[in-house]
Amino acid sequence: MEPRVKKTWKQVDGVLLLDKAQGMSSNDALQKARRLFSAAKGGHTGTLDPLATGLLPLCFGEATKFSADLLDADKTYEAELLLGVSTDSGDAEGVVTATAEVNVTSADIARVLPQFTGDILQVPPMHSALKRDGRPLYELARQGITVDREARPVTIHVIDQLEFTGTRLRLSVSCSKGTYIRVLAQDIGAALRCGAHLTALRRTRVGDLVLDGAMTLAQIDSIEEGARVACLRPVDALLQSLPRVDLSGEAEQRFSHGNPVDLPDGLSGKIRVYAGDRLIGVGEPGPGQRLWPKRLVQLAP
C-alpha cells in the first residue's frame, strides 16, 4: 500500500461563486471546494438546503472576514411547485399528507400571488434548523413532535409566474433573508385551495452576486490545480455595494495600522477602503466624525 500523502494547505484569498449540486449540504460543498483549491481557510455566506441547487458564494482566506456581510442580503430563487399534493415538510422529501383535485388557471395564480408580496408573516416549518431548548426543530419533527412556532416577518419583493402546466408551477421569488420558500409554496397552495409542495429550488442571486458565471465542483475539478485560482473572484467581490474611499501616503499608513482617518463628506455606513487597486479593509464612521477601521486584510503576495 502506498503511503498516504499529507494534504498541503496554503493561503488562498478570494470568492468562489459555486453552483451547488442537489443533495449536497453547504458545508460538504465548502469542504470539497477547499480541497480543490488547497485553501487553508474557508467559509460560506449562509447555507443553501441540500434539496436546493444554485448560487452558493464561498469565501477563502481574507475574504472570510466579509462572509457575514451577505447573511442579511436579499436572495432570488426559481422555485417549482406541485399543486394538489401536500407534504409534512413542505417539500418533496416529506411524507404526503393530503391530495386534492386541481382546478386552477394561470389567472387564478395571478390573483393569488399579490397576497404574498410585500411585508408578510411566515410560521417557520418544523423541518428547519431553528432550535427549541437547544434541539433543532427537524429532530423533533422526525419524532412526530410538533411545537408552536412564532410567526416571523419577512419581505417578498417580487413573485413572477414563469410557467404553469396544470399542476406544475414555476415561480421566480426575490425575498429578504429568513424567507422559507417551502412555507411560501404551502401558503400559495392553501390560497389556491388545492395544497402544494416545493419540488425544486434554484438560487440565482445573493445580494449583488448572480448565478451567471458560477462553476460546479466538477468543472473546477477538471481544471489543473495550479490554474484553479483563476476561477476565484477578488476578495472585494462581496463589497461592491459599499461606497469606496481611496487613501494614500500618511492616511494609508494610519488606516492600515488600525488608526482613524478623515471621513469624506456625505459617506455613512460601511465603507470599503483602498490604496490604489489594493483593498485595505472596511471602515465605518466613528468618534470624532472620522473613518475607523473595522476589518483589515492582509492579502498574500
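## Surface and charge

Let's start with the outside of the protein, which in this predicted model exposes about 15,600 Å². Carbon and sulfur atoms supply 48% of that exposed area.

Charged side chains come next. There are 36 positive and 37 negative ones in the protein. If you take the centre of each set, the two centres lie 5 Å apart.

## Overall build

How many helices and strands does the protein have? The secondary structure comes to 6 helices and 18 strands. Along its principal axes, the C-alpha trace spans about 70 × 65 × 40 Å.

The protein has 301 residues, and buried residues make up 46% of them. Now think about which parts of the chain meet. Among contacts with a separation of 6 or more, 68% are between residues 24 or more positions apart.

## Two annotated stretches

UniProt, in an unreviewed entry, lists residues 182-239 as "domain: tRNA pseudouridylate synthase B C-terminal". In the model, this stretch is 26% helix and 22% strand. The C-alpha atoms at its ends are 30 Å apart.

A second annotation, also from an unreviewed entry in UniProt, is "domain: tRNA pseudouridine synthase II TruB subfamily 1 C-terminal", and it covers residues 243-297. Here the span is 15% helix and 47% strand, and its end C-alpha atoms lie 17 Å apart.

## A closer look at His197

Find strand E12, which runs over residues 196-206, and you will find His197 in it. Is His197 buried or exposed? With a relative accessible area of 6%, His197 counts as buried, because buried means under 20%.

What does the side chain of His197 reach? It reaches the backbone oxygen of Val85, at 2.9 Å. Val85 also appears among the residues in contact with His197 once neighbours within four places in sequence are left aside. That list further includes Glu80, Leu81, Leu82, Thr87, Gly90, Asp91, Ala92 and Ala185.

## Phe66, a buried loop residue

Phe66 belongs to the loop between strand E3 (53-60) and strand E4 (75-83). You might wonder whether a loop residue has to sit at the surface; Phe66 has 0% relative accessibility and so counts as buried.

Which residues is Phe66 in contact with, leaving aside its neighbours within four places in sequence? They are Val235, Leu238, Leu239, Leu279, Val282, Arg295 and Val297. Another pair to look for is Phe66 and Trp292: they are 226 residues apart in sequence, while their C-alpha atoms are 16 Å apart in space.

## Two residues with positive phi

Here is a backbone detail to look for. Most residues other than glycine have a negative phi. Ser38 has a positive one, near 55 degrees, and Gln289 also has a positive phi, near 55 degrees.

Where do these two residues lie? Ser38 is in the loop between helix H1 (26-37) and strand E2 (42-44), while Gln289 is found in the loop between strand E17 (278-286) and strand E18 (290-296). Ser38 counts as buried because its relative accessibility is 4%. Gln289, in turn, is exposed, because its relative accessible area is 63% and exposed means over 50%.

Key:
Residues numbered from 1 in each chain as written. Predicted model: local features only at pLDDT ≥ 70, side-chain atom pairs only at ≥ 80, totals over all residues. Heavy atoms only, no water. UniProt positions renumbered as here; feature names shortened; annotations may be inferred. Helix = DSSP H or I, 4+ residues; strand = E, 2+ residues; numbered from the N terminus. Buried < 20%, exposed > 50% of the residue type's maximum accessible area, 1.4 Å probe, protein only. Polar contact = N/O pair within 3.5 Å; in protein donor to acceptor, adjacent residues only side chain to side chain. Contact = heavy atoms within 4.5 Å. Areas by Shrake-Rupley, 256 points an atom, 1.4 Å probe, with all protein chains shown as cover. Lys, Arg positive; Asp, Glu negative; His and termini not counted. Charge placed at Lys NZ, Arg CZ, Asp CG, Glu CD.
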